[in-house]
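Here's a quick tour of a protein model and what surrounds its bound molecules. Have a look at the structure first, then we'll walk through it.

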Amino acid sequence: MAKADVDWSNLGFSYRTISKRYVANFKDGKWGEGVLTEDANIVLNECAGILQYCQEVFEGLKAYTTKDGRIVTFRPDLNAERMEDSAKRLEMPAFPKERFLEAVDQVVAANKDWVPPYGSDASLYLRPYMFASSPVIGVKPAEEYQFRLFGTPVGPYFKGGAKPITLCVSDFDRAAPHGTGHIKAGLNYAMSLHPYVMAHNNGFDENMFLDSATRTYVEETGGANFLFITKDGTVVTPKSGSILPSITRRSLVYLAEHMLGLKVEYRPVKFSELKDFAECGLCGTAAVISPVGKVVGKEETIEFPSGMEKMGPVTQKLYDTLRGIQLGTIEGPEGWIREIK
Ligand code: PLP
Ligand code: COI
């Protein structure tokens with residue numbers, strides 16, 4: 001299939017409407033059959049649960065073209081499982097895992113011309129999501145829901161690609177203990193927009209959020225988890241009940257331990273430890289691994305020894321291994337790659 005007419009190597013991280021998306025509705029206690037549609041618009045009742053009480057969860061994953069020309073997705077089963085967890089927390093009906101995987105396959109297969117070619121550093125970002133579609137005015141879960149999945153071709157999340165970014169420590173909290181920080185719900189992102197705009201207005205690329213109970217531990221950014229590398233090459237990543245369990249982070253930690261022979265520590269990380277680390281990166285589907293050069297706190301600025309020009313050496317090794325698996329140049333663990341026929 002001929003590729004769409006796009007300057008693949010110069011894409012940013014933005015939305016554009018492509019050919020087909022998947023839709024399924026939940027009504028009378030069950031999910032109906034899903035269909036592919038060319039209609040990118042949604043018509044909703046004015047009192048739909050999503051519009052009033054923000055009942056919405058979503059996922060993010062990517063489809064890639066491998067070096068040998070196959071089209072693949074990376075661990076979509078984990079996105080399906082996380083979306084089930086997110087849905088349960090917001091009292092929404094889970095979209096079954098097998099159906100989620102079918103929807104991913106169908107959307108990618110129907111939009112193969114929009115999957116960026118190998119070597120472009122771009123990918124087809126897939127956004128599965130689910131929202132309350134029926135009216136509710138008293139505060140309670142809706143009775144009807146819609147699951148949708150669309151794709152949009154994207155390049156790097158941060159302008160400048162692999163150039164290290166600068167973060168500020170946010171004055172605001174992202175998630176409360178026992179709240180919803182561990183699920184992927186739009187409401188977590190709505191509350192991060194004001195801090196995001198503030199950070200940008202002050203010249204920073206992103207926020208570092210600290211734990212809201214004590215403001216002493218590192219949590220995550222608005223859209224990615226943290227990885228730190230100690231001076232002796234150990235990978236350290238924050239553990240907290242209020243951050244999103246990143247699939248990229250879980251994968252990198254596995255690769256670090258099982259393929260690269262690195263030591264890994266998954267534990268609470270104090271902000272006061274940052275000055276002792278050699279490298280820092282953000283990891284996520286959109287971010288892949290974005291190196292962090294500097295974190296500006298209230299009282300101190302941390303400049304990582306890896307500097308502002310390029311990724312640190314251990315971060316680079318992790319990045320190359322992950323990208324190699326996603327692009328088919330490195331054999332990954334069994335079941336991580338799902339080929340779309
Ligand atoms: N943390 C937040 C808040 C996110 O939005 C994301 C993006 O999905 C991540 C972490 C990274 O998760 P994943 O690697 O599963 O994309
Ligand atoms: C992702 O990495 O898939 C995300 O959802 C992060 C951000 C774009 C919201």
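Keep in mind that this is a predicted model. Let's start with the shell around ligand 2, whose residues divide into six nonpolar, three polar and two charged. By name, they are Phe13, Phe58, Gly60, Tyr125, Arg127, Tyr157, Lys184, Tyr189, Gly223, Thr285 and Ala286.

Which residues make polar contacts with ligand 2 through an oxygen atom of the ligand? Tyr125 does so with a polar side-chain atom, 2.6 Å away. Thr285 uses a backbone N or O atom at 3.5 Å, and Ala286 brings in a polar backbone atom at 2.8 Å. As for cover, ligand 2 exposes 280 Å² when taken alone, and the protein buries 89% of that. Where does ligand 2 sit? You'll find ligand 2 in the largest pocket.

Now for ligand 1. This one also sits in the largest pocket. There are 16 residues around ligand 1, and the ones that come nearest are Tyr189, Glu220, Ser246, Thr248 and Thr285. Sorted by class, its shell holds five nonpolar, seven polar and four charged residues. Two secondary-structure elements are worth picking out here: helix 6 (247-258) and strand 14 (277-284) each give at least two residues to that shell.

The side chains of Tyr189, Glu220 and Thr248 each have a polar atom at 2.5 Å from ligand 1. With Tyr189 and Thr248, the partner is an oxygen atom of the ligand, whereas Glu220 faces a nitrogen atom. How much of ligand 1 does the protein bury? Taken alone, ligand 1 exposes 380 Å², and 97% of that is buried by the protein.

Here are the polar contacts of both ligands together.

| Residue | Residue atom | Ligand atom | Distance |
|---|---|---|---|
| Tyr125 | polar side-chain atom | oxygen of ligand 2 | 2.6 Å |
| Thr285 | backbone N or O atom | oxygen of ligand 2 | 3.5 Å |
| Ala286 | polar backbone atom | oxygen of ligand 2 | 2.8 Å |
| Tyr189 | polar side-chain atom | oxygen of ligand 1 | 2.5 Å |
| Glu220 | side-chain N or O atom | nitrogen of ligand 1 | 2.5 Å |
| Thr248 | side-chain N or O atom | oxygen of ligand 1 | 2.5 Å |

Finally, the rings. The count of aromatic pairs comes to 18. One of them joins Phe13 and Tyr125, edge-to-face, with 5.1 Å centre to centre and 65 degrees between the planes. That pair links distant parts of the chain: Phe13 is in the segment before strand 1 (21-27), Tyr125 belongs to strand 7 (residues 123-132), and the two are 112 residues apart. Both Phe13 and Tyr125 are also among the residues around ligand 2.

Methods. Residues are numbered from 1 along each chain as its sequence is written. Chains are lettered from A and ligands numbered from 1 in the order in which they are written. This is a predicted model: local features need pLDDT of at least 70, side-chain atom pairs count only at pLDDT 80 or more; totals for chains, interfaces and linings use all residues. Side-chain values use heavy atoms; hydrogens and water are left out. A residue is near a molecule or strand if one of its heavy atoms lies within 4 Å of it. A polar contact is a pair of N or O atoms within 3.5 Å; within protein, one must be able to donate a hydrogen and the other to accept it, and residues adjacent in sequence count only if both atoms are side-chain atoms. Accessible areas come from the Shrake-Rupley method with a 1.4 Å probe; for residues, only the protein chains shown count as cover. On a 1 Å grid over the protein atoms alone, a cavity is a set of points where a 1.4 Å probe fits but cannot get out, and a pocket is an open set with protein on both sides within 12 Å along at least five of seven lines; lining residues have an atom within 4 Å of a point. A molecule sits in a cavity or pocket if more than half of its atoms lie within 2 Å of its grid points. Ala, Val, Leu, Ile, Met, Phe, Trp, Tyr, Cys and Pro count as nonpolar, Asp, Glu, Lys and Arg as charged, and the others, Gly among them, as polar. Rings of Phe, Tyr and Trp (its six-membered ring) pair if their centres lie within 6.5 Å; planes under 30 degrees apart count as stacked, over 60 as edge-to-face and the rest as tilted. Helices (H or I, at least four residues) and strands (E, at least two) are DSSP runs, numbered from the N terminus.
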